[in-house]
Amino acid sequence: MCTRVHYHPLEKIVESAGQTDIVIQYTTSTPQTSPRDTYQFVVIGPASYSSQIAPLITHKIGRGITSKFVSLTEIYDGTYFPATGRDNQEKIKYFIKNAIDTWLTGNVLLVGAAGSGTTQLPVRDTHIYIDADEPDDEVFSSDLYYADIYDGSMQFCSWDSNDNNIFGEYDWSGQTDVVDLHPDVYLARLPATSGSQVTACVNKIKTYENTPGYQQSWFPNLVLVGGDSFPDNNVVLEGEFANQKVADLMTGFVPNKLWVTNGKLNSLVPTGVDNIKTAINSGCGFVDFSGHGNTNIWACHPEDNFGVWLPTPTGGIYGNAISTLSNGNKLPIVTVEACSTAKFAADSNCFNWVFLYNSNGGAIGTFGCTGLGYSYIGSGVTQGLVGKIGLDIFRAYKTDQSETFGELWARALNRNINSGMDATEHKTVEEWQAFGDPTLAIGENSLPPAKPQAPSGPASGGINKEYTYTTSTTDPESDQISYMFDWGDGTFSSWVGPLNSGATASAKKTWNVQGSYQIKVVAKDSHGKLSEWSNPLSITLPYSYEPPLMHFLERLFEQFPHAFPLLRIILGY
Ligand SMILES: [Ca+2]
Ligand SMILES: [Ca+2]
Ligand SMILES: [Ca+2]
Ligand SMILES: [Ca+2]
């Protein structure tokens, strides 16, 4: 049974059932007998960007990654390898094959917007027909074409197995090409339209790696943006539901939920757009948007109200708001589970790309769809299709312990490739686009500290008094450890440390409002790896303690013990 719901004025989704097995398949390149040169990292782009790309090559070599820039002219002219292929896209693909085979290349960065001009790098269009009831005959671009070099038998995978010059066909006029899908190289693109956009990205990459983003105090912040997406019988707010799955997975992070149900996306002052900008400007390691999209907008709905679009005040957050983000070098990785926000072939200012080329902030890498996205509705939203592949980016980070941006992409894709994929599942994998640097270091090889002890200290007391709480834990590699306390009132301690593994950390806290609080603590090692949150310590603050006033009243009571009966009743004496 299939149900279709429109994602956005142009967008549609499909509901289908069932989960299939995940087959993860790795292929390795065969070393040549006497390789003269090897390049772990190859950057491909128009020659016109060579001077802007050069500092990136120098930076990567300085980090011990053998790197080389190769212009499209050099590829088409056969400067390094014979130029093979029926068109420019296939020549680029054969070049990447030769780089893997000969240079042992494992990472490829494509630089340039879609097209064949002097600042562009062509895209391969792929052709997937969704079904006859509501034909989605959209032709969309897939950079996976450039990364899926081999099939399972290590044969070149042209994506045109029937040789009709129509690529990536799935039930396209009845034709289907055999497409392996598994990436054989880590790959991403910077779809730049100008040298200054290239420079903005290169500068951000250098800073993110020179002062590792994942070690900074803001990195554990996790910004989650979602509301309701589709009508469903159980009134599940799919965006918030998908966000919560991310929060559950990202143990040790500090979720900042910008939701419909907590009023953050539908408020008037500040507006929903302002709340999103404020959260990102404060610094965070990751942002997850789950909802609807078009090339230059992300949006969602209030609960079960599909005639209204959020966030306020513009009924969505547009690229022009993203271009004014001012988070500087506090740069997140952003996932957008929605239609078309990475449709760079149609819009050189697409939502996901604006995050990258913003030179005052934005993001260090983004993931999103190059065409119409597909989603399950209700609580099935993360069981497959776009809702799952977005969550799989976080699984690739947290579960698979990916250390580079390219690994996030490849591992998320591999978690969605299997032998029984239907048209929507093919499209989801082919259109899940990475903007960024595939070699970008997003973590280091280290085991996180063990879950810290629950904070110890006074479990009751008064407001406006300072209390001290302590904790400790150990790191499997005896790395130094820093700690952050969640005081349960929406505030957090600053990071305490670094301290030696096993040493006691302490922090002081003064509460200003009566109530019960659950305080807990998280640890991170010197590589930035976060532990789980500790079990909580429950604190109760029953008494309002106002020292100057009380001292004055107590003195009055001592002098005139019967003078203020009414006052005594009110104060509880
Ligand atoms: Ca074909
Ligand atoms: Ca492959
Ligand atoms: Ca819903
Ligand atoms: Ca460690």
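These are my notebook entries on three calcium sites, two secondary-structure elements and two single residues. I worked from a predicted model.

**Entry 1: calcium ion (ligand 2)**

I looked up the donors first. The calcium ion (ligand 2) is held by D148 (OD), Y150 (O), D180 (OD), H182 (O) and D184, which gives two OD atoms. The distances run from 2.3 to 3.2 Å. Along the chain I read the donor spacing as D-x1-Y-x29-D-x1-H-x1-D. I then checked the geometry: the six donor atoms make angles of 43 to 173°, and the site is irregular. For reference, I noted that six ideal octahedral donors would give angles of 90 or 180 degrees. As for burial, I found H182 and D184 both buried.

**Entry 2: calcium ion (ligand 3)**

For the calcium ion (ligand 3) I listed D228 (OD), F230 (O), D232 (OD), V236 (O) and two OE atoms of E238 as protein donors. They lie 2.2 to 2.9 Å from the ion. The spacing in sequence is D-x1-F-x1-D-x3-V-x1-E. I record this arrangement as irregular because the angles among its six donor atoms span 48 to 172°. Two of the donor residues I checked for exposure: F230 has a relative accessibility of 2% and so counts as buried. D232, at 12%, is buried as well.

**Entry 3: calcium ion (ligand 4)**

Here I found S446 (OG), L447 (O), E477 (OE), D479 (OD), D525 (OD) and two OD atoms of D475 coordinating the calcium ion (ligand 4), at 2.3 to 2.7 Å. The donor pattern along the chain reads S-L-x27-D-x1-E-x1-D-x45-D. I noted D475 and D479 as buried.

**Entry 4: strand β5**

Next I went to β5, residues 107-111, and asked how many of its residues are buried. Five of the five are, so I wrote the strand down as mostly covered, given that buried means under 20% relative accessible area. I sorted the residues by side: N107, L109 and V111 are on one face, V108 and L110 on the other, and both faces are covered.

I then looked for its partners. Strand β3 (residues 41-45) pairs with β5 in the parallel sense over four bridges, and I44 stands opposite L110. Strand β9 (residues 186-190) also runs parallel to β5, joined by five bridges. In that pairing V108 faces L187.

**Entry 5: helix α12**

I checked α12, residues 423-431, for exposure. All nine of its nine residues are buried, so the helix is largely enclosed by the rest of the structure. I noted that charged residues do not escape this: among the buried residues are E425, K427, E430 and E431. A423, T424, H426, T428 and V429 are buried too.

**Entry 6: H127**

H127 sits in strand β6 (residues 125-128). Its relative accessibility is 13%, so I count H127 as buried. Which backbone oxygen lies 2.7 Å from a polar atom of the H127 side chain? I found that of F167. Beyond four places in sequence, H127 is in contact with V139, I166, F167, G168, E169, Y170 and W172.

**Entry 7: K245**

K245 belongs to helix α6 (residues 238-249). At 34% relative accessibility I count K245 as partly exposed. Setting aside residues up to four places away, K245 touches T382 and L391. I also took the C-alpha separation of K245 and L391: it is 7.5 Å, with the two residues 146 apart along the chain.

Definitions and conventions: Residues are numbered from 1 along each chain as its sequence is written. Chains are lettered from A and ligands numbered from 1 in the order in which they are written. This is a predicted model: local features need pLDDT of at least 70, side-chain atom pairs count only at pLDDT 80 or more; totals for chains, interfaces and linings use all residues. Side-chain values use heavy atoms; hydrogens and water are left out. Donors are N, O and S atoms within 2.8 Å of the metal (3.2 Å for Na, K and Ca); water is not among the atoms, so sites may look incomplete. Buried means under 20% relative accessible area, exposed over 50%, partly exposed in between (1.4 Å probe, protein chains only). Helices (H or I, at least four residues) and strands (E, at least two) are DSSP runs, numbered from the N terminus. A polar contact is a pair of N or O atoms within 3.5 Å; within protein, one must be able to donate a hydrogen and the other to accept it, and residues adjacent in sequence count only if both atoms are side-chain atoms. Contact means heavy atoms within 4.5 Å. Four donors count as tetrahedral if all angles lie between 85 and 135 degrees; four count as square planar and six as octahedral if opposite donors are over 155 degrees apart and all others between 65 and 115; anything else is irregular. Two strands pair if DSSP finds at least two bridges between them.
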